[in-house]
Amino acid sequence: MLFAAGFALLFSSLAAAQDYGGGPAPATTTTAGAPPVPSAPANSTGHVNVDVAANGKFVFNPNNFNASAGTVVTFFFPNAGLNHSVTQSSFADPCTHLAATANTSAGFDSGLTAGVQFSINITDDTKPIWFHCKQVTHCGLGMVGSINAPATGNNTFANFMSAALAIGTAEPTETDNGPVLSGVNAIATAAPSNTAGAAPPKSGSAMRVGTSIAAVLLGGAAVIAML
């Protein structure tokens, strides 16, 4: 009978360790709404991060940079205020979505959105990539950007910005049909999504649970030995 009691103690302790990770159950909290999307983190190898409407202004930050083929560029949209977009355009028409041709697909487009992240993958770093925000008047106010634009000549970012500002309030209103997951010299990797969820469990959690189970097993063995 004492032997059976020892086994009962062993398995009840083991179950408790599996349920709670070897410690008290963690407290749970409830927050209203989706988790806030943070501002763009620092760049890392193979990744460039851009703030959309940085500091509440109609700008991309950075708005002119280089990125080699294979680089993932992620745009971080704010939660508050107006919706914005990252919409590919052309040097000739800075405030108009790049349309498909017989030889190319339509330009990438996040669609008007907020509180999400949107990534594109650079497929050709030998040609410039132009983009703008399609929210009404934003492009005409200078909310444009470029990737791998020439530093000299006619097709520079400065001239692209000047062309957008020259359009001003005459900027055409663009239809918003949601994300476009194609592109020229860069392709969107996925539709915009809120990827700023809760952090994953710490890598040591499984180790702590395993250690707790081992301790219970050893303790149970000791109890049985004493019996």
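## Strands, cores and cross-links in a predicted model

Strand β3 (residues 64–65) pairs with β8 in the parallel sense over two bridges, where pairing requires that DSSP find at least two bridges between the two strands. This is a predicted model, in which local features need pLDDT of at least 70 and side-chain atom pairs count only at pLDDT 80 or more, while totals for chains, interfaces and linings use all residues. Residues are numbered from 1 along each chain as its sequence is written, and side-chain values use heavy atoms, with hydrogens and water left out. Helices (H or I, at least four residues) and strands (E, at least two) are DSSP runs numbered from the N terminus. Buried stands for under 20% relative accessible area, exposed for over 50%, and partly exposed for what lies in between, with a 1.4 Å probe and protein chains only.

**Strand β8 and its partners**

- In the pairing of β3 with β8, Asn 64 stands opposite Ser 146 of β8.
- β8 also pairs with β7, here in the antiparallel sense and over four bridges, and His 132 stands opposite Val 144 in β8.
- In a regular strand the side chains alternate between the two faces of the sheet.
- Both faces of β8 are covered, since Val 144 and Ser 146 on one side are buried, as are Gly 145 and Ile 147 on the other.

**Strand β4 and its partners**

- All five of the five residues of β4 are buried, and the strand is therefore largely enclosed by the rest of the structure.
- Val 72, Thr 74 and Phe 76 point one way from β4, whereas Val 73 and Phe 75 point the other way, and all of them are buried.
- β1 and β4 run parallel and are joined by five bridges, with Val 73 in β4 as the bridge partner of Val 48.
- β4 pairs with β6 in the antiparallel sense, again over five bridges, and the bridge partner of Val 72 in β6 is Asn 121.

**Nonpolar cores**

- A nonpolar core is a set of buried Ala, Val, Leu, Ile, Met, Phe, Trp, Tyr and Cys residues joined through side-chain atoms within 4.5 Å.
- The largest such core has 23 residues, of which Phe 60, Val 73, Phe 75, Val 86, Phe 108, Ile 120 and Ile 147 touch the most other members.
- At least two residues of this core come from each of β1 (47–52), β4 (72–76), β6, β7 and β9 (186–188).
- A second, separate core holds 10 residues, among them Val 144, Ala 149, Phe 157 and Ala 164.

**Cysteines**

- The structure holds one disulfide, a term used here for a pair of cysteine sulfur atoms within 2.5 Å.
- The disulfide is formed by Cys 95 and Cys 139, whose sulfur atoms are 2.0 Å apart, and the link is left-handed, with -80° about the S-S bond.
- Cys 95 lies in the loop between β5 (87–89) and β6 (117–122) and Cys 139 in the loop between β7 (129–132) and β8 (144–147), so the pair ties together parts that are 44 residues apart in sequence.
- Cys 95 counts as buried at 1% relative accessibility, and Cys 139 is buried with a relative accessible area of 0%.
- Cys 133 is in no disulfide, and the nearest cysteine sulfur, which belongs to Cys 139, is 8.3 Å away; Cys 133 counts as buried at 0% relative accessibility.

**Salt bridges**

- A salt bridge is a side-chain nitrogen of Lys or Arg within 4 Å of a carboxyl oxygen of Asp or Glu, and by this rule the count comes to three.
- Lys 134 forms a salt bridge with Asp 109, the closest N and O atoms being 2.8 Å apart; the pair links distant parts of the chain, Lys 134 in the loop between β7 and β8 and Asp 109 in the loop between β5 and β6, 25 residues apart.
- Both Lys 134 and Asp 109 are buried, with Lys 134 at 4% relative accessibility.
- Lys 134 also forms a salt bridge with Asp 176, where the closest N and O atoms are 3.6 Å apart.
- Asp 176 lies in the loop between α2 (157–167) and β9 and Lys 134 in the loop between β7 and β8, so this pair ties together parts that are 42 residues apart in sequence.
- Asp 176 counts as partly exposed at 33% relative accessibility, and salt bridges that share partners join Asp 109, Lys 134 and Asp 176 into one network.
- The side chains of Lys 127 and Asp 124 meet in a salt bridge of 3.0 Å, N to O, and Lys 127 is partly exposed, with a relative accessible area of 40%.
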